[in-house]
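Dear colleague,

I am handing over the structure shown below, together with an account of what was found in it. Please read the notes with the structure open beside them.

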Amino acid sequence: MPTKNTNAEAYTLHVQSSAHIISFNQERRITGISETLLKEIPDPATVLGTSLEVYLASQFQVPEELSQSLQVLDQDVVPGRIFLVKKNHRVFYLHIYTCENQWYLKWEKKLDEVIFTTAISEFNSQIDKLSGRLWPCLSEVVQQIAGFDHCAVVQVYDDRSSSVIYASPNAATTLGGRQFSSDFIPSKLLSYLVDKEHSYLPDVEHPAQAFFTVDRSVQLPPQVLPLPNKPIFSHYVGAASILAVPVIIDEVLWGIVLVWNTSKKKIDFQKRVLCHLLVQSAARRQKNLGRQKAADFYEVIKQSEKDIREKLAGGYSLNACLIHHLPTIQKLAKADGVTCYYRGIATGVGLQPPQEQIEQVVAFLKEPVGRKPLFKDHNFRLRHASQFEAPLPFAGLAALQVGKDEDHYLIWFRHEKIRTEINMHRTISACHQGATDEPLPVVFAEDAVVDTAAYWDEDDISFMQSLDKMIQKAVVIRAREQERSTENLQSAHNELEMITFTLSHDLKNPLSTIKLGLQLLERDHFLSTELLQKWCATLGDSVRYMEQLINNTVELTRVHGTAYTKERIAVQTLIPRIMEEAKLQFQNSACTLSVGILHPICGEKGAVRQVFANVIGNAVKYSTQAVEPTVTISSKIVEDTVWYTISDNGIGIPEAEIPRVQDAFFRASNTKGFIGTGIGLALVSRIMRRMGGEVRFRSVPGEGTQVTLVFPKDCGQP
């Protein structure tokens, strides 16, 4: 909130101290001015409200391009656009920003000439070879560009605690491997770092300067805002000047590259930009390394994935598959124990809390704070022990929701690992015994941290993400298996109903005939020889019909469960033999066969013969009444399939009945007088489906029928 400055008759805000800053409005009147510009003008009131053009002309040799840009403020201003302006023999970088109908000019002196392409190309040419020394090499380059004494790379964790993963040799003794509490990166500072390309303090003792404005409602753009908190790390390392470049990976603050000097020293703006670009390159490389680690872990667990797939296909549940692999899941996550929780049942290996606590952990994971696909917290006991009635036997926890099921989790546990971290403490000295507005002095101490575990590092997270990827695939496979099983069960149920109805219906006629014949024989012992022979023939026909009906039903159910091994089959010799057999069977010796190109097909030999025998047999049987009965067979390749077409000039099929000809025991209404049970085409349809093919029909009553058999061209297809 701005405060009224009575001397300057203006409101006072604070901005960065590293540059000169002024603000102006649409009329190009100055509305704000920074403290560093008032060395020669003690009273801001003498500048506020005056003409921007007049002021700039008194300060610089204003280039034409800048003058033109200032004349078209109603058009979009490119944020951060940079101009080079001169004052005497000195050159300045001048930036233009806009925020809430106010415009800002920010400028600083140019200190050095920088060649971007050389430094970037040299670093990028080596970056792929630096997987083991990425951050040490980056630090060396950045420190050299900045010209500062020291450099360190700090990794930042979810709880804002941090650890030094590399420190330059002259800082390694005091910083190497040190861990810092969240006090060093408060929430506001975290947001500030994420939003900026870099943060620069040429004078740590004076991180901000006053900014005088006549507009009490002014909103400063983020490019001129000062640090929201005092630079605690700078205080800890004794820095007089410091540059902080955030390492952003997937829009999250992964770490910070810090370079500092123990005496006050400035860095040229372009050098700071170059440092930012190099850190960006390193961040991309770090992200790629993370992806590679995930891919490597995925290769490691591929064998487990194969085993899980086989078990799923064999009817195992996903939960049973995960339980089988729990020892591997624990080992790869470097956990002390892991539990697979599924709908109230917990199964685990290694470190295991009681069932009641596992239930409480699952309840926590369902709450907003824990509701994440992958939850991890090495400080779980430190933060959440108060929510549990009994002491927790673990300190760190990570959890993976299995297949988006709120009652299915993999939960990893880690033992407590006591570590030390740097904390900030304020002390009351003799001079602070009374009431005072002065902040208390700060001291740093390395304190032991209990109730925490080792960090869940990038390797652990990469493994868990790879495991999650594998589980998602397994869930899809399981869903397909369940869908297929459901379809098969429904199909089997429908088929059972159909067979039951058909048998009960079709067996009634021959059974009634047999029953009537037996009653006649029992009642009349003096039947004539002719009548006795007639009844014996009738009873024999009924028995044979029942036998055929039962055999066909058995054949139909056998085909339903048959698995086929496919191979390439040439049918040039098979089809003529089947044709001759059909002519003899149906006493249609006048029927002729016309054969076109016959491409090889993929299938099982016995099944293929059964298919062609039924289709060709029907063609011969139902064309016996034709004047010149003819069966025509040809094939063609259509994309990745082979189409066989069998045509006849027989009685045809009524159009309304074509959709039903593949149903078991169905016979078309115009087939009276032709022998058959309605099983043949049902068998053909099922065999073709099991070989990965299909059957299609076209027919015109009185003209004939065309049956198309579609076979897969590739024998490897399911």
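How many bridges join β15 to β16, and in which sense do the two strands run? Six bridges join them, and the strands run antiparallel. Please note that the model is a predicted one.

The sheet

β15 and β16 belong to an open sheet of five strands, ordered β16-β15-β19-β18-β17, with antiparallel pairing. The edges are formed by β16 (345–350) and β17 (374–377), each of which pairs on one side only. From one strand to the next, the twist averages 15 degrees.

The link between β15 and β16 is a hairpin with two residues between the strands. Arg343, in the turn, has a positive phi of about 50 degrees. Tyr342 has Ile345 in β16 as its bridge partner, and Tyr342 also stands opposite His408 in β19. The pairing of β15 with β19 is antiparallel as well and extends over six bridges.

Is β15 largely enclosed or left open by the rest of the structure? Five of its six residues are buried, so β15 is largely enclosed by the rest of the structure.

At the other edge, β17 pairs with strand β18 (residues 396–401) in the antiparallel sense, over four bridges. Within this pair, Leu374 stands opposite Leu400 in β18.

Helix α12 (residues 355–366) packs on the sheet, where it touches β15 (337–342), β16, β17, β18 and β19 (408–414). The direction of α12 makes about 115 degrees with that of β19.

The helix pair

Another part of the chain to examine is the contact of α17 with α18. Two packed helices are described by the angle between their axes and the distance between the axes. For helix α17 (residues 574–585) and helix α18 (residues 605–621), the angle is about 45 degrees and the axes lie 9 Å apart. The two helices are therefore oblique to each other, and α17 passes α18 in a right-handed crossing.

Which residues meet in this contact? From α17 come Leu574, Ile575, Ile578, Met579, Glu581, Ala582 and Lys583. On the side of α18, they meet Val608, Arg609, Phe612, Ala613, Ile616, Gly617 and Val620. The residues of this contact divide into 10 nonpolar, one polar and three charged.

With kind regards

How values were computed:
Residues numbered from 1 in each chain as written. Predicted model: local features only at pLDDT ≥ 70, side-chain atom pairs only at ≥ 80, totals over all residues. Heavy atoms only, no water. Axes fitted to C-alpha atoms, helices over the stretch in contact; angles between N-to-C directions. Parallel < 35°, antiparallel > 145°, perpendicular 65-115°, else oblique. Left-handed = near helix turned anticlockwise from the far one by under 90°. Contact = heavy atoms within 4.5 Å. Nonpolar A, V, L, I, M, F, W, Y, C, P; charged D, E, K, R; others polar. Pairing = 2+ DSSP bridges. Buried < 20%, exposed > 50% of the residue type's maximum accessible area, 1.4 Å probe, protein only.
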